[in-house]
Amino acid sequence: MTPENSYDLIIVGAGPAGSTAATYAAKAGASVLLIDKKKDIGIPLQCGGFLPHLETLQELVPNAELPFTLESIPSECIHASSSVQRFIAPNGNSKEFEVDADAIDRRRFDKYLAKVAGKCGAQLMAGTNVLEVNGTTVKVDGVFGEHMIHGKVLIGADGPNSIVGKAKGLVRDPDPMGTGTAFEYEISGVDVDRDAVEMYFGKDYVPGGYAWVISQGGDTANIGVGIREVLFRNGMSARDYLERFMYEHPIASKKLTGGSIISIVSGLVPVGGAPKVTATKDTLVAGDAAGHIIATNGGGISTAMVGGKIAGQTAVDSLEGKCKLTDYDERWRKEMGLEIKTAVYVRKLMDNLMRSDSMMSAAIKMIDPEHMKALQCGQLPDAVRKGLIKMNFGIK
């Protein structure tokens, strides 16, 4: 395709945030160009794709208006469904709680969201890199050639290392504990619990983080580790930790050893919260670029889509003179800012807790399932706070 010289909105990044922003802006009548560097939307994959059902998502961000694209996920985008989330402590004890969720095929899901944006009127340029950002003009190059394209509003939905965010100073303060690495294998030939999502803790396998096992149906599963590079030991990498978990963990290895690795997934996960500012007079950031993620579990599909929806709507409202573009900051924080900020606080608390296997095992034993579910959602129930104080954990 040959792009127009100018658009109302230029959106960089066709992941859940960018495609949702494009959908809502195009539905409102704006001219929208959606740019993505991937030649095949959704590939390479950079996310495990765990997505709770709509009711749980609404509990996660109760003040948010969820995008309509989350109301009914096409069946072809779902690998499998689960009904239980299980925590396995370093000492091997476990505790679980009920949560209905899907293991999403992100390759198909991201394509689905991009197709919805296209049907609403957005133009999509895949295989296109943004080389420069000058105001709201972007210089791009890729399979469709080199172009200079002007937009009235620019939206950066291009991940934790957002080119748009860096160009406009919409970035988080430096924090080595604020960015995690997710390294995952899709494996076949394994026998895992198809009804449960399992999360494993222990400093020998995932110091300051957790490992997961998510069934994708049949004999296939997604396994991975979420860990901060600053906590790597003895020259180890995220892959080394995943290999150790897969082959040496006393519980997980019995389920996973002998499996065939059929896909490798890796990516950065911003768990340090949102930048202080996410909007200028002509530019917004959304999704991972804006820290729209629940830091306690690394989940960001739904919150990215909420951020994208608000970004698309705010951009159109600003063009119609109904608000300032900078109102975006207040709008998205009103819908999910408290939950994202609280999750960062809880994550920092858990960082300290996970430095001790005995303390982490004791905490999992102490916390009841419903409170464990709340912690996973980035909440800190008062009963849990009091329990940790009794353990002399040192919180106030």
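The paragraphs below lead through the nonpolar cores, the strands, the salt bridges and a surface patch of this structure. The model is predicted, so local features are given where pLDDT is at least 70 and side-chain atom pairs count only at pLDDT 80 or more, whereas totals for chains, interfaces and linings use all residues. Residues are numbered from 1 along each chain as its sequence is written, and side-chain values use heavy atoms, with hydrogens and water left out.

The interior is a convenient place to begin. A nonpolar core is here a set of buried Ala, Val, Leu, Ile, Met, Phe, Trp, Tyr and Cys residues joined through side-chain atoms within 4.5 Å, and buried means under 20% relative accessible area, exposed over 50%, and partly exposed in between, with a 1.4 Å probe and protein chains only. The largest core holds 80 residues, and the members that touch the most other members are Leu9, Ile11, Val32, Phe109, Ile155, Phe201 and Tyr328. Helix α8 (residues 327–353) supplies the largest share of this core, 10 residues; helices (H or I, at least four residues) and strands (E, at least two) are DSSP runs numbered from the N terminus. A second, separate core has 23 residues, including Val225, Met236, Met246 and Ala252. In the larger core, Ile155 gives an impression of the surroundings: leaving aside residues up to four places away in sequence, Ile155 touches Leu9, Ile10, Ile11, Val12, Ala21, Leu284, Ala311, Gly312 and Ala315, where contact means heavy atoms within 4.5 Å.

From the cores the path leads to the strands, which count as paired if DSSP finds at least two bridges between them. Strand β11 (196–200) is largely enclosed by the rest of the structure, because 5 of its 5 residues are buried. Its two faces are both covered, with Ala196, Glu198 and Tyr200 buried on one side and Val197 and Met199 buried on the other. Strand β4 pairs with β11 in the parallel sense over 5 bridges, and in this pairing Gln85 stands opposite Val197. Strand β12 is antiparallel to β11, to which it is joined by 4 bridges, and here Tyr200 stands opposite Ala211.

Strand β12 (residues 210–215) also pairs with β13, in the antiparallel sense and over 6 bridges, with Gly224 in β13 as the bridge partner of Trp212. These two strands form a hairpin with 5 residues between them, and Gly217 in the turn has a positive phi of about 95°. Strand β13 (residues 221–227) is itself mostly covered, since 6 of its 7 residues are buried. Strand β10 (residues 179–188) runs antiparallel to β13 and is joined to it by 7 bridges, and Ala182 has Gly226 in β13 as its bridge partner.

Side chains of opposite charge can pair when their charged atoms come close. The structure holds 21 salt bridges, each defined as a side-chain nitrogen of Lys or Arg within 4 Å of a carboxyl oxygen of Asp or Glu. In one of them Arg86 meets Glu96, with the closest N and O atoms 2.8 Å apart. Arg86 lies in strand β4 (residues 78–88) and Glu96 in strand β5 (residues 94–104), so this pair ties together parts that are 10 residues apart in sequence. Arg86 counts as buried at 14% relative accessibility, whereas Glu96, at 38%, counts as partly exposed.

Another salt bridge joins Arg106 to Asp110, again with the closest N and O atoms 2.8 Å apart. Both residues lie in helix α3, 4 residues apart, which is about one turn of the helix, and both are buried. Asp110, at 7% relative accessibility, touches Gly15, Pro16, Ile41 and Gly42 when residues up to four places away in sequence are not counted.

The salt bridge between Arg233 and Asp204, whose closest N and O atoms are 3.5 Å apart, links distant parts of the chain: Arg233 is in the loop between β13 and α5 (238–248) and Asp204 in the loop between β11 and β12, 29 residues apart. Arg233 is partly exposed at 31%, and Asp204 is partly exposed at 36%. Elsewhere, salt bridges that share partners join Arg86, Glu96, Asp193, Glu198 and Lys255 into one network.

On the surface, Met1, Val143 and Phe144 make a nonpolar patch of about 240 Å². Patches are made of residues with over 30% relative accessible area and no salt bridge, like charges being joined within 9 Å and nonpolar side chains (Val, Leu, Ile, Met, Phe, Trp, Tyr) within 5 Å, and accessible areas come from the Shrake-Rupley method with a 1.4 Å probe, only the protein chains shown counting as cover for residues. Met1, in the segment before β1 (6–12), is partly exposed with a relative accessible area of 33%.
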